[in-house]
Structures are given as structure tokens and as C-alpha cells.
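Thanks for sending this one over. Here are my notes, point by point, to read alongside the model.

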Amino acid sequence: MTLLGQFSLWLALLTAVWGAGVALTGRWQDRPDLQRSVTGSTYAVCAALLVAALCLWKGLFTHDFNIEYVYQYTARNLPTSYVFAAFWAGQKGSLLFWATILSIFAAAAQTVTSRRHEGLLPYVAAITNVVIAFFVITMLFAANPFDRLPFTPEDGRGLNPQLQNPGMTIHPPMLYLGYISITIPFAFAVASLLSKRLDTGWIHAMRKWTILSWLFLSAGITLGMWWAYVELGWGGYWSWDPVENASLLPWLTMTAFLHSVMIQEKRGMLKRWNVGLVVASFLLSIFGTFITRSGVIASVHSFTQSSVGFYFLSFLLLAGILSFALLYVRWPLLEPEARLESMASREAAFLFNNLAFVGIAFSVLWGTLFPIISEAVRGTKITVGPPFFNRVNVPLGLFLVALTGIGPLIAWRKASPENLRRQFVVPVSAGIAVVIALLLVGIRNGWALTAWGLAGFVLGTVTQEFWRGIRARLRIHGESAFEALAHLVSRNRRRYGGYIVHVGIIIYIVAFAGNAFKVTREVTLSTGETTELRSPFGHVYQLTHLGVSQYPQLNRFVSAATLAVKKDGASAGRITSEKRQHQDSFGRNTFEPSTEVGIRSNLQEDLYVVYAGSVQGTERATYAITINPLVMWVWIGAMVLIAGGLITMWPGGPAVTPRQRSDVQAGYQAPLAGVESGS
Amino acid sequence: MKPGSKFLIGAAVIVAGVTGLIVTGVKETGIYFLTPTQLVDRTRTDSTFHDVGLKVGAKVVPGSVRRDSRTIDFRVTDGTSEFPVTYTGLVPDTFTDASNIEVIVEGKYGRDGVFHATEVLAKCGSRYEAEVKKSGKA
């Protein structure tokens, strides 16, 4: 099986190189057979990599411990779903996963892209093939998942218990899908530069890909937060560690792009900036993959041990230099078609939005790399942690929240004072009302008040937009309110889907601000002893230690500590937190013990209990107890955001209006003529 | 004034703001991350280093871990320099008495020659490449 896997990898490499070579040398331009061959190469690469992936899965499921990767990440007693997920538990498998998924996306891009954009496709195939070739080369020469051991061990080393969590089976692939799918917009951007088709064609061709990858990233990041929350047991969901930051970076630049691209579509501005953002997002996605699975930042020493780091850095540098050089060469062709007319315009709001997003991305990147930078420059390593990131990003984030409310309210080009007054009265009043209400219930935390007040302002904006749209339909079409809402959204999916995404973001912000009111306590309790906590919502929790029980379960030995919960005097069941010692099939301990957090959630707050250990083998147990306000709203925000995103990219919809169509065609006149004269 | 130049002023304000936040942020929240040898050398030449909070990345000396209810004492080393660490609080699961534990301790290196840690991070072996587990208050 490994032989077939190896062979498939080589086949994929050669095919990818062939496809990229033919496409980039431009030989296909008067040879339809070669053009078909370029498209075909993406399908062939995809088929070869799928075979390789199946080979690795077969090795995992048949417990072929002679394969080093199978030995490293699975064991005979590992539950089946985790054997499946072990595919991406390590670096080598992750690389194969990356390459395989990218090949699927690359083939899909060739298939689903409208024929209007046919001229771009060979270039797109070239770029995706080059990226796939990079991953396959890295595997073949530095991190081959099919490497065999000189002997066959009896059993594998098992999967890290922290990865044995349902969230962990979907979080990495989801995040990877986000990272990987950015390659497609990048390929279209570079294709437009290479082919000099610099109108908005490439943007139309890949618009849904950008939303798709943004959605995957959003979902992947949130699932990561959820995993950290339920599995790592330190009481929160975001700690600004390098791996988390790395996933946030491309999300930030993609979000900036999703906004700035609207200016290019409507006004023909920011063409260079947009290409730059897509290139940056792609580079950051590669950087993120690299950080996640190499450990460069957490431990600089692992860097020299694994040559994968060298491959990734070389690729990053090369891709960065070539892309920006190409952008530089095409610079004169990307002249903006319009200029900024007023500071009170939607363009200006979008420009500030972009600066803030890129500013946040830069500060996060700077903070993440600062240990390395300071060591290189000053010889002493200096680290920055959550205080740094919060200090820089909370003000910038709140500025962005304010823009979320302002942007949709002001007109394109130049807003009149009348327009401003008519638009802002309701949302601003909503924000002020929220702040007053919160002051009345006794909240004095300045940051939280600002965040929640701005959230009220943005919700006011969105509600006003929906209300005006519905009212217009009620008046003109005489529909019922529900029909009006449904039609409104389905006729303007991008606009109203976008508003729903904004609501999702606002829900996140409201939840994040809840962190300011967290209550934590560490206690050691004897059996029957009780501790009492008061939550920020005013509830009183009485927690009584019931004792510790120990028993074997599946592939582990469990010590479970249980608390009886009384909320406001009434009994509210029990909450259990476990220490798990994982064992192999011979009953020997594997790994360090891991903690299973006990969590009880409701819409107001989470009671979060960690059993930290017993005092010298007695039933006296130490607990870390946290009351986390509003955490549930993080997960709710994610669902709203994804729903909104799906609405914006849902296929079909009403026919393009005549005016828009003529715009689109006008955009195509020049390049189509160019192709004809060139052929 | 043209809107273009007005925007440039706004942009300059944002860029300056971000830069200012980053620079002051690093200055006020940045923490030295030293090896035991670097720390010992620094404190010898500059005794104010005893008073600043910093992080030390090192290996736990095998067999040096003493647990006493919630206080844990152990020694750390980088092969050249070695000193004792004392910590009160919960340590992460990955902090065990096994021989290959790498830790990051945060706190102050007292004039008594003992490192008083306020936080202990333990890096687990080589299994999940970039995994560092966290304890204490975050």
C-alpha cells in the first residue's frame, strides 16, 4: 500500500509539473489539445492524490504499524473515529491532507468556473499545480507519510489525548479547508496578472471562493476556540498563542478583502490593494499551516531538526517575491478608475475598515514573531502575551465595530448632511439607550460599556436596513411582512446576507466583552464540604464535593470528581470533571494524564469546573472553578455568521438586471478582443 | 482640502495609532524570555534584574520535584546553570516527574537565589508538535 501511495505521489508531482509547465510557457494558446491537457492535469493530480490519501487511510485502519506515521499517531485500542482523524494529527499526514484537498478544489475550479472566464483557467491550473507540487515535493523529500520503520512494533503510540475530542475531528480539517481554499482566489488573482485580464472578471470568477474560504476559516477558528475551551481546561477559549494567531491572520486579510472588493466592483478603485490582499492572505495561510504543524514559534529549536521548515520558508519567500514582482510589473495597468470624492462616503468607511483590519493583522503578526525578531535584533528574547494583544486589538476592534454600523448608513461617493441625519438618528439612539440601560443596572466597566453600546448601534443599523427594505415591499407589492422579508433577502443576497454576518460578529463582540466579568476560584474540598460563588448575573452557586471515583473506560483509566450543584438554593444536578490516564492495549500508561472539564452552560453563563487533582491519594480534591458569562453567545454568533455567509453565496437567485449585465459585458469587451487578435 | 489628502491624514492617524499601540504595548507588556545561564549572568551584572518579572525556559532537573499540598519546588537547568524554583498553585497535566520535561516558568528571580514562579507552563515531549499547556490564571 505504501508503494502505491509513493507511486501516486510521484505521479501527482510529475503531472502537476507538466500542467504548470505547459500553462506557464503559453504553448496552449494556439493548441486546443494542450489547453485540454492543462485542464486534464488538474483532474489527474486530484485522482493521484486521492489514491495516495486512501492508501494512508488504509494503513491507519489496518493498523499497519510498520508505517511510521501509523505507529506515531494511532494504537489498536484507539476509537475508530479518531483513527480516521489521525490522518491529520501529525505533520506528514497534514501535508497530504492539504495537497489532496487543494487538488479537489483545483479540479472543481476548472469545472465550475463560468465559460466567460475561460481565458483565465489555464493560468489558474498552473498556479494550483505549482502549489500542489510544492506540497508533494515537501512530502517526498522531507516528510513522507509513507515512510516505513525497519521493524514492526506490536502496537502504536496512540493519539494525544487532547486530540481525542469530537471537536478535534472537525476543527483541523475545517481550518485547513479555509487555509487551502484561499489558494483558489490567489490563483485567480495571479492568473489575471499573468494574462493581463485586469478587469473585474477574475473577481467575479472567484467571488464565491473567497466567501467559501472565509466561512471555512471562521468556522475553523471558532471550532478551535470551542476545542480549547472544553479540552485545555484553563477556563477560556482564546489565549493569543501562536497557533491561534496564525489562524486569525488570513481571516483578517480576507475580511478586509471581502469589503475592499466591493469598492473595486462599484467604483473601479483599489485594484492594486485588492491583489495585494489576496496575495497576503495566501502567504499567511501557508504561514499558518507552517506554524500549526512545525512548532517554530513555541520552540525555535525544532526548526533546525525538521527540514520541513526550510521548505516552507523557501516557498513563502519565493511565492511572495514572485507575486509582488508580478504585481509591480503590472502596476501601470491597474490604474484606479475613480478617486475618493468625500470623507463622508462609503468608500472612505471601507478604506478605514481596511486599514484597521490590516493594522490588526500586522500587530498580531508582530506580536507572534516578536520573540524571534527581538532575539535576532537584540540578542535577548522578549515575549509578549495576551496583555499586549488585548491592549492593541481591543481599541482597533471596537473602531471596526463602529465602522460596521457606519458603513451601511452612508452613501457611495458623497453623503449629504440630510442623508447622514436621516440614517443615523435611530442607530445612534439605540446605542445610547443600551449604554444608559447598562449603567442603570450597575455596569461600570468602560470597555464593556463601549463594546455593548457599539453593538447596540450596529444592531440599530441592521434593523433599520431590514425595516426599510420590508416597508418598501409592503407598500409596493402588498406582501405580508414575512413574505416581504423572505423576498427582500433572496433578491439581495449579498447585501442582506452581509448584514446577517454583521449580526453574527456583533454577537461575538457582546460575548467577548463578557470576559471582563469572569469569576475564578481555586479550592480544595473534603468530601461533603461546600464552596459558594456569586456569578456576575447575581446567581449564587453552592458546590458540594461528593467524592472521587476511579474506573477503567475504553482506552483509559479515569478518576472522576463530582460536585453537587445548588443554584440560588435549588438543586441543579451534578457536575463531573475527570482526570484521564490513557493506556495502550497492554494496560501500560501512555502520555501524561489529561483533564476532562465539567461544563454546565446556559444563555447567561457557564459553570466551568476542572478537577485539578487529589491531595496525596485521598478524596480531598482541588478544583479550579470558573464562571464564564455569555460564552454560549460565541457559539451562537458563529451559527448566525455562517447562516449569513451561506445566504450571500447561495447559488441561483434572480436574473442579473439589464444594467448590471451591460456593465459586466463592457468589462469583457477589451480582453475578449485581445484574445481574438492574439490568436 | 481635497478628499484624497483628508483621507491620507486619517490614514496617517490610524497608522500612527497602530504603531503607537504596538510600541507602547511591547514596552509595557513585553517580558524577557531567558535561559537560566542568561538570567544568572544578567543578575550578576545588574541586580535590578531581581525585581523584574520574566520568563525562563529550561529543563526540570530529574528527581528534583517536591510537592507539598499546593506548593511545588523543583530545580531547573540548561546544562550550565541551575537554580531552584518554587510555585504555589495548580500545575498543568503535562508537568510530571518524568525526566524530559521542558518548562517555561514566569515570575521573579529573588535575591535569595530562588525563582518565585507565578505561572508554570510545561511542554509535553514531542507528541503534538506545537503543544504547550497552560496553568494558573489566564
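1. Chain A contains 21 helices and 10 strands; both are DSSP runs numbered from the N terminus, helices being H or I over at least four residues and strands E over at least two. Please keep in mind that this is a predicted model, in which local features need pLDDT of at least 70 and side-chain atom pairs count only at pLDDT 80 or more, while totals for chains, interfaces and linings use all residues. Residues are numbered from 1 along each chain as its sequence is written, and chains are lettered from A and ligands numbered from 1 in the order in which they are written.

2. On overall dimensions, the C-alpha trace of chain A spans about 85 × 75 × 60 Å along its principal axes. The radius of gyration of chain A is 27 Å, which agrees with the value near 26 Å for a compact globule of 679 residues (taken over C-alpha atoms, the rule being 2.2 Å times the number of residues to the power 0.38).

3. Of the 679 residues in chain A, 51% are buried, meaning that 20 or more other C-beta atoms, placed from the backbone, lie within 10 Å of the residue's own. Among contacts in chain A between residues at least 6 apart in sequence, 73% join residues at least 24 apart; a contact requires C-beta atoms, placed from the backbone, within 7 Å.

4. Chain A is assigned domain 1 (1-159) and domain 2 (517-633), with bounds from an automatic or database domain assignment. Eight residues from domain 1 of chain A and six residues from domain 2 of chain A take part in the contact between them. Their C-alpha centres lie 43 Å apart.

5. Now the sheet. In chain A, four strands make an open antiparallel sheet, ordered β2-β10-β9-β8; strands pair if DSSP finds at least two bridges between them. Because β2 (519-525) and β8 (598-601) of chain A are at the edges with a single partner strand each, one side of each has no neighbour in the sheet. β8(A) pairs with β9 (residues 605-614) of chain A over four bridges, in the antiparallel sense, and A:G598 has A:V609 in β9(A) as its bridge partner.

6. Finally, confidence. The predictor gives the complex an ipTM of 0.83 and a pTM of 0.90. Chain B has a mean pLDDT of 81, with 85% of its residues at 70 or more; pLDDT is the predictor's confidence in each residue, from 0 to 100. Which stretch of chain B has pLDDT below 50? That is residues 125-138 of chain B, which have 49 contacts in the model beyond near neighbours in sequence.

Conventions: Two residues are in contact if their C-beta atoms, placed from the backbone, lie within 7 Å. A residue is buried if 20 or more other C-beta atoms lie within 10 Å of its own, exposed if 12 or fewer, and partly exposed in between; C-beta atoms are placed from the backbone.
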